[in-house]
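Here are my notes on the model you sent over. Have it open beside you while you go through the points.

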Amino acid sequence: MNEAWKDIIITKIKVAVYVGPNSGKHIHNDRPFHGLVLNDSNGIKDYVFDDGTVLHTKGRDIFYLPKGSSYYVKQHEIGGCYAINFDADFTDEPFCISFRNSDALLQSFKGACDAWMSGGPMSNA
């Protein structure tokens, strides 16, 4: 994770959504937006990028998927995830962070998805 995160300005939120188990795309080419993703408690997945980088994720991990990246998802344990796709003027490499207690983070992602689905303030960003 680079220093740009402390000064990031999000210019557009494309979507905040829960992607249920066994749904969503498994192959992504030239990702149109940056993505912050939080696995639910069951998901264990590898994100395999075109350059050979492999991002190992497990339940309740939060991870970043860069805009413009191409990858495929290899699922080891079935689970869903919360995703917030956004635009911003910065670059970084994919990364994953594990937390001992991610309850507050999970509630924030759920709240973002609920606000998006209800047409609340976040959906107009």
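1. Surface first. This is a predicted model, and its accessible surface comes to about 7,200 Å². Carbon and sulfur atoms account for 53% of that surface.

2. Now the charges. The protein carries 12 positive and 15 negative charges. Take the mean position of each set, and the two points lie 5 Å apart.

3. On to the fold. You'll find nine strands and one helix. Walking from the N terminus, the order is β-β-β-β-β-β-β-β-β-α, with the helix coming after the strands. The radius of gyration is 14 Å, close to the 14 Å that the globule rule gives for 125 residues, so the protein is as compact as a globular protein of that length. Along the principal axes, the C-alpha atoms fill a box of roughly 35 × 30 × 30 Å.

4. How much of the chain is buried? Of the 125 residues, 44% are. As for who touches whom, take the contacts with a separation of 6 or more: 78% of them link residues 24 or more positions apart.

5. If you look at one strand, make it β8, residues 81-88. Eight of its eight residues are buried. Side chains in a regular strand alternate between the two faces of the sheet. In β8 both faces are covered: C81, A83, N85 and D87 are buried on one side, and Y82, I84, F86 and A88 are buried on the other. Note that a buried Asp, D87, is in that first set.

6. Which strands does β8 pair with? One of them is β1 (residues 10-19), which runs antiparallel to β8 and is joined to it by eight bridges. In that pairing K12 stands opposite D87. Another is β3 (residues 34-39), also antiparallel, with six bridges to β8. There L36 sits opposite I84. Pairing of this kind goes through backbone hydrogen bonds.

7. Then there's an open sheet of four strands, in the order β2-β7-β4-β5, with antiparallel pairing. Why do β2 and β5 each have a side without a neighbour in the sheet? β2 (27-28) and β5 (54-57) stand at the edges and each has a single partner strand, so one side of each is left without a neighbour there.

8. Last, the β2 end of that sheet. β2 is joined to β7 (residues 71-77) by two bridges, and the two run antiparallel. To find the spot on screen, look for I27, which stands opposite Y72 in β7.

How values were computed: Residues numbered from 1 in each chain as written. Predicted model: local features only at pLDDT ≥ 70, side-chain atom pairs only at ≥ 80, totals over all residues. Heavy atoms only, no water. Rg over C-alpha atoms; globule rule 2.2 N^0.38 Å. Buried < 20%, exposed > 50% of the residue type's maximum accessible area, 1.4 Å probe, protein only. Contact = heavy atoms within 4.5 Å. Areas by Shrake-Rupley, 256 points an atom, 1.4 Å probe, with all protein chains shown as cover. Lys, Arg positive; Asp, Glu negative; His and termini not counted. Charge placed at Lys NZ, Arg CZ, Asp CG, Glu CD. Pairing = 2+ DSSP bridges.
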